[in-house]
Amino acid sequence: MLQRLIKNKKQVSQLYLYSCDFESLYTNIKPEDATYRICKYIHDNNLIKLKNFDIVGFRSLLELIFTNYIFTFDGLYFVQKVGLPMGCKCGPMIANLYLYTYEINWLNVINPICYGRFFDDIMVANETPLDIDNFKNNFNYLKLNIETREKMPI
């Protein structure tokens with residue numbers, strides 16, 4: 001993030017920094033919403049280019065991931081019932097794409113000096129203070145915790 005700010009070399013009189021973290025992202029993702037938003041994004045941007053695989057097939061795969069993930073704990077087998085399975089190999093990709101469907105419109109409107117997200121952590125730098133409620137509401141039902149101060153915890 002700091003490297004991006006240095007490369008930007010834009011002179012600003014004041015810089016507002018925000019450190020953000022989604023609370024329990026994987027378990028709070030609603031499968032129906034994630035499936036709808038991801039499929040809509042892929043369909044609207046024509047991202048599936050295979051002849052024998054379409055958005056219906058992709059939707060079916062997402063639904064299988066959300067509803068049939070089995071994991072073991074202490075020698076017992078369990079079915080994941082809530083949210084996105086944390087141990088699923090495609091879990092990080094699904095979570096990233098899902099958050100992207102929310103953040104892309106906000107980024108196009110606000111266009112902060114610098115924005116970076118790594119999984120469930122976000123760092124924002126802007127010349128003017130952000131409307132924190134607007135920023136949180138952009139992510140719908142997901143709970144986003146935001147810290148802002150002159151010095152950020154590392």
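Let me start with a term: a strand here is a DSSP run of E, at least two residues long, and strands are numbered from the N terminus. With that in hand, N126 belongs to strand β5. One caution before I go on: this is a predicted model.

Let's take the sheet. It is an open sheet of four strands, and the order is β4-β5-β1-β6. The pairing is antiparallel. In general, strands of a sheet pair through backbone hydrogen bonds, and the pairing can be parallel or antiparallel. Which strands sit at the edges? They are β4 and β6, the latter covering 144-148, and each of them pairs on one side only. How much are neighbouring strands turned against each other? On average by 15°, with direction ignored.

Now walk across the sheet, pair by pair. Begin with β4, residues 114-118, and β5. Five bridges hold this antiparallel pair. One of the positions to find is G116, whose bridge partner in β5 is M123. The two strands form a hairpin, with two residues between them. Look at F119 in that turn: its phi is positive, about 50°.

Next comes β5 with β1. Strand β1 covers residues 16-22, and β5 covers residues 121-126. They pair in the antiparallel sense over six bridges. Here C20 stands opposite I122 of β5.

Then β1 with β6. These strands also run antiparallel, joined by five bridges. F22 has L144 in β6 as its bridge partner.

Back to N126, in β5. Buried or exposed? Its relative accessibility is 8%, so N126 counts as buried. The cut-off for buried is under 20%. Its side chain reaches the backbone oxygen of T128 at 3.1 Å. Leaving out neighbours within four places in sequence, N126 contacts Q14, L15, Y16, N111, P112 and I113.

Compare another asparagine, N145, in strand β6. Its relative accessible area is 31%, so N145 is partly exposed. What does N145 touch, beyond residues up to four places away in sequence? S19, C20, D21 and E23. With E23 there is a polar contact between side chains, at 3.4 Å. And how far is N145 from I122? They are 23 residues apart in sequence, and 9.9 Å apart in space from C-alpha to C-alpha.

On to the helices. Helix α5 packs on the sheet and touches β1, β4 and β5. The direction of α5 makes about 170° with that of β4.

Helix α5 has a helical partner too. Two packed helices are described by the angle between their axes and the distance between the axes. For α3, residues 31-44, and α5, residues 91-110, the angle is about 75° and the axes are 9 Å apart. That makes α3 roughly perpendicular to α5. Which residues make the contact? From α3, they are D33, A34, R37, I38, Y41 and I42. From α5, they are I94, L97, Y98, Y100, T101 and Y102. By type, that contact divides into nine nonpolar residues, one polar and two charged.

One last stop: Q80. It sits in the loop between β3, residues 76-79, and α5. Q80 is buried, because its relative accessible area is 15%, and buried means under 20%. Where does its side chain point a polar atom? The backbone oxygen of V82 lies 2.6 Å from a polar atom of the Q80 side chain. Setting aside residues up to four places away in sequence, Q80 touches F66, Y69, F71 and P85.

To recap three places to click on: N126 is buried in β5, N145 is partly exposed, and Q80 is a buried residue in a loop. Thanks, that is my tour.

Terms used:
Residues are numbered from 1 along each chain as its sequence is written. This is a predicted model: local features need pLDDT of at least 70, side-chain atom pairs count only at pLDDT 80 or more; totals for chains, interfaces and linings use all residues. Side-chain values use heavy atoms; hydrogens and water are left out. Axes are lines fitted to C-alpha atoms, for helices over the stretch in contact, and angles run from 0 to 180 degrees between N-to-C directions. Angles under 35 degrees count as roughly parallel, over 145 as roughly antiparallel, 65 to 115 as roughly perpendicular and the rest as oblique. Contact means heavy atoms within 4.5 Å. Ala, Val, Leu, Ile, Met, Phe, Trp, Tyr, Cys and Pro count as nonpolar, Asp, Glu, Lys and Arg as charged, and the others, Gly among them, as polar. Buried means under 20% relative accessible area, exposed over 50%, partly exposed in between (1.4 Å probe, protein chains only). A polar contact is a pair of N or O atoms within 3.5 Å; within protein, one must be able to donate a hydrogen and the other to accept it, and residues adjacent in sequence count only if both atoms are side-chain atoms. Two strands pair if DSSP finds at least two bridges between them.
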